[in-house]
Amino acid sequence: MIVILNKQIKQKQKEDIITFLTNKGFKVKEIVGQEETVLGAVGRTGIDHRIVAQMEGVSSVVPISKPYKLASRELKKEDTIVQVGNVKIGGSRIAVMAGPCAVESEEQVMAIAAEVREAGAVILRGGAFKPRTSPYSFQGLGEEGLKYLRKAGDKYGMPVTTEVVSPTDVEMMSKYIDMFQIGARNMQNFELLKEVGKTGMPVLLKRGLSATIEEWLMAAEYLMANGTDQIVLCERGIRTYERATRNTLDCSAIPIVQKLTHLPVIGDPSHATGIRSLVSPMSLALVAAGANGLMVEVHNTPENALSDGPQSLYPSQFEKLMRDVQSLSTVVGKSLERIPRMIPEGLSNPNNITSSDKISFQGERGAYSELAVRRSFNDNDVLPCETFEDVFESVMKGDSLYGVLPIENTLGGTINDNIDHLINYPDLVVVGEQHIRVIHNLITLPGTKLEDIKFVYSHPQGLAQCSEYLKNNLPNVKTVPFFDTAGAVKFIKEQGDKSIAAIAGAPAAAYHKMEILEAGIESHPNNYTRFYIISREENAESFLSASKPNKAAMVFNVSHNPGSLFEALKVLSDYGFNMRKLESRPIAGKPWEYSFFVEVDVLDKEEAFNDVIKILKEQCSSFRILGEFNSSN
Ligand code: PEP
Ligand code: MN
């Protein structure tokens, strides 16, 4: 049953209810939702619900109609996000696991790990204990295989999963792996489920060859009842009368399961079809059906594979598939789960990456962005990056603790690229904001006079923003566009030629020890740039703890119906939230459809904002908070 608690329930009252139910033989689990806190009570014993309903602090009692209880959506309305090492599975993410069917040798798993990692897989798979139909087929390398898998996972910074076939192996395996896999043939091996459940570790639960959806969810219930709530379901094809494919992929199971359970569900197109050429199209079908991820078999030389070669993708095919999945993910309102592209050499534990405390920004040393970095951070080292995306990647990788990115300029408008990157990096959040005034300077080699100058280098925007000054004071110089302002200063220094000057910020002049011949030469004094400070989710707290959030940024998609955007914005207005900014961004793969990016003021409105989030999550086809942060500097 589900015991819904009063919002104002006292701790003592809650403890009394839990004790009462436990004494009656129930297993009790507290679930704190955004909407309400409930106790899930499951057990073999029957009890008159009215007794519980009348206890102090209880709002109501609802029986769970399904035979699976802990796994049911009735008990827990919000999606469960399963954490496997540094990877999250569930909600609006698409996590792709890939690797060979079986670990065959250290070299083989290392080579495949490198390929799938580079293509964007986030979890490495590979069987060490293979439940083969024939006793004469390759049975796997056993514990030796686990060692190779772990080694490859560590080298490439990927959590690993592998199949467990015997309850007596559970303890030994738990030392090597991040997630157990229960194979289709063992879905109803209840002793195995119990033993694996007891570890509390994440489990990938394949659907049995002939299992109904209900039986599959009952298997998940076994795991949950024994102690783990970190379960990912995996549709891998079922046995039907059709022989053209190895199994029949039950795509419709995906949306059905998502209605019935809060657990994430992924698809395995490899075992579902058994045919290489069908793996990519069926992967896309699974993503289109709403899958939270994929498990795909990849082999560097499938023709020599010891098992399942005919259904294994070549690395190049997998790479192409990942690009297609990336495009499709935005169409279904999800984002591809990513982990750092690479792990720094020598780090053996991917789950315990210690970030350096560098701050990354885009541009050369001395760029305006560096000024924004200095306003927010005192002594940290900086990490200049070539592109905005490199800043996002460096924060993802842990090469930098925070990234500082321009989001808007008062003259140039929104920097859309960075909004799009924020949408595409679900593990990164906005933790702060910084404003700087952009003051342009005419910078030269020391000792240069105005009349020496024949060329002025700068970013095209810098040149445009100083056009008045140039026209009045240097009418005969030639302006030369450069890729960034600070880079232009570096360039003129390298040239060592007094006939060329640059337009850039003061930090660039200082960094390169050049002279500011004229300061503040911009036509428009109201030239401000607003920056976001981003971090990985787990590092957000340490930045935020110093300040109260007064602003929030969010992104959502609405249905293609009259008034749907209006209805979403109306929720903000109904709850008295002042909107600061609204942008629409085209959704890749959905021509003429848009995601909406909104900023609102949230100071001292925490509770109302939680209500707004709850409503918008229900109302919008997808919804994500990009960050709640303090914008004052
Ligand atoms: C596997 O993924 O290695 C496997 C054997 O799959 P299934 O249990 O779905 O057949
Ligand atoms: Mn296989």
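**Salt bridges, cores and a metal site**

Q: Where do arginine 323 and glutamate 319 lie?
A: In this predicted model, both residues belong to helix 11 (residues 315–331), 4 residues apart, about one turn of the helix.

Q: What do their side chains form, and at what N to O distance?
A: Arginine 323 and glutamate 319 meet in a salt bridge, at 3.2 Å from N to O.

Q: Is arginine 323 buried or exposed?
A: Arginine 323 falls in between: its relative accessible area is 47%, so it is partly exposed. Glutamate 319 also counts as partly exposed because its relative accessibility is 36%.

Q: How many salt bridges are found in the whole structure?
A: A search of the whole structure gives 41 salt bridges. One of them joins the side chains of glutamate 74 and lysine 66, at 3.8 Å from N to O. Glutamate 74 is partly exposed at 25% relative accessibility, and lysine 66 is partly exposed with a relative accessible area of 27%.

Q: Which residue forms a salt bridge with glutamate 364?
A: The partner of glutamate 364 is lysine 490, and their closest N and O atoms are 3.7 Å apart. Glutamate 364 sits in the loop between strand 16 (359–362) and helix 12, whereas lysine 490 sits in helix 17, so the pair ties together parts that are 126 residues apart in sequence. Lysine 490 counts as partly exposed, at 32% relative accessibility.

Q: Which residues are linked in a network of salt bridges?
A: Salt bridges link Glu408, Glu433, Arg530, Lys551, Lys581, Glu583 and Glu599 in a network.

Q: What about aspartate 169: which side chain of opposite charge is nearest?
A: That is lysine 175, 11 Å away; aspartate 169 is buried yet has no salt bridge. With a salt bridge requiring a nitrogen-oxygen distance within 4 Å, lysine 175 at 11 Å does not provide one.

Q: Where is aspartate 169, then?
A: Aspartate 169 is in the loop between strand 9 (160–163) and helix 5 (170–174). Leaving out residues up to four places away in sequence, aspartate 169 touches Phe129 and Val164.

Q: Moving to the metal, which protein donors does the manganese ion (ligand 2) have?
A: The protein donors are Cys101 (SG), His271 (NE2), Glu297 (OE) and Asp308 (OD), at 2.0 to 2.4 Å from the ion. Along the chain, the donors of the manganese ion (ligand 2) follow the spacing C-x169-H-x25-E-x10-D. Histidine 271 in helix 9 (residues 269–273) and glutamate 297 in strand 14 (residues 293–297) are 26 residues apart, a pair that links distant parts of the chain.

Q: Are histidine 271 and glutamate 297 buried or exposed?
A: Both histidine 271 and glutamate 297 are buried.

Q: How many residues does the largest nonpolar core have?
A: The largest nonpolar core has 92 residues, and those with the most contacts inside it are Ile89, Leu205, Leu233 and Phe318. Helix 7 (residues 213–225) gives the most to this core, contributing 7 residues. A second, separate core has 56 residues, including Ile359, Leu422, Ile492 and Val555.

Q: Which residues is leucine 205 in contact with?
A: Beyond its neighbours within four places in sequence, the contacts of leucine 205 include Ile182, Met187, Leu193, Trp216, Leu223, Ile231 and Leu233.

Q: And where is valine 109?
A: Valine 109 is in helix 3 (residues 106–119). Its relative accessible area is 0%, so valine 109 is buried. Valine 109 touches Pro100, Val103, Leu124, Tyr148, Leu149 and Ala152, not counting residues up to four places away in sequence. The C-alpha atoms of valine 109 and leucine 149 are separated by 6.6 Å, although the two residues are 40 residues apart along the chain.

Q: Lastly, how many aromatic pairs does the count come to?
A: The count comes to 11 aromatic pairs. Among them, phenylalanine 377 and tyrosine 402 are stacked, at 5.4 Å centre to centre with 25° between the planes. Both phenylalanine 377 and tyrosine 402 are buried. The rings of tyrosine 457 and phenylalanine 491 have centres 4.9 Å apart and planes at 35°, so that pair is tilted.

Q: Which cluster do ring pairs form?
A: Ring pairs link Tyr457, Phe482, Phe483 and Phe491 into a cluster. Tyrosine 457 is buried, with a relative accessible area of 15%.

Technical notes
Residues are numbered from 1 along each chain as its sequence is written. Chains are lettered from A and ligands numbered from 1 in the order in which they are written. This is a predicted model: local features need pLDDT of at least 70, side-chain atom pairs count only at pLDDT 80 or more; totals for chains, interfaces and linings use all residues. Side-chain values use heavy atoms; hydrogens and water are left out. Helices (H or I, at least four residues) and strands (E, at least two) are DSSP runs, numbered from the N terminus. Buried means under 20% relative accessible area, exposed over 50%, partly exposed in between (1.4 Å probe, protein chains only). Lys and Arg count as positive and Asp and Glu as negative; His and the chain ends are not counted. Contact means heavy atoms within 4.5 Å. A nonpolar core is a set of buried Ala, Val, Leu, Ile, Met, Phe, Trp, Tyr and Cys residues joined through side-chain atoms within 4.5 Å. Donors are N, O and S atoms within 2.8 Å of the metal (3.2 Å for Na, K and Ca); water is not among the atoms, so sites may look incomplete. Rings of Phe, Tyr and Trp (its six-membered ring) pair if their centres lie within 6.5 Å; planes under 30 degrees apart count as stacked, over 60 as edge-to-face and the rest as tilted.
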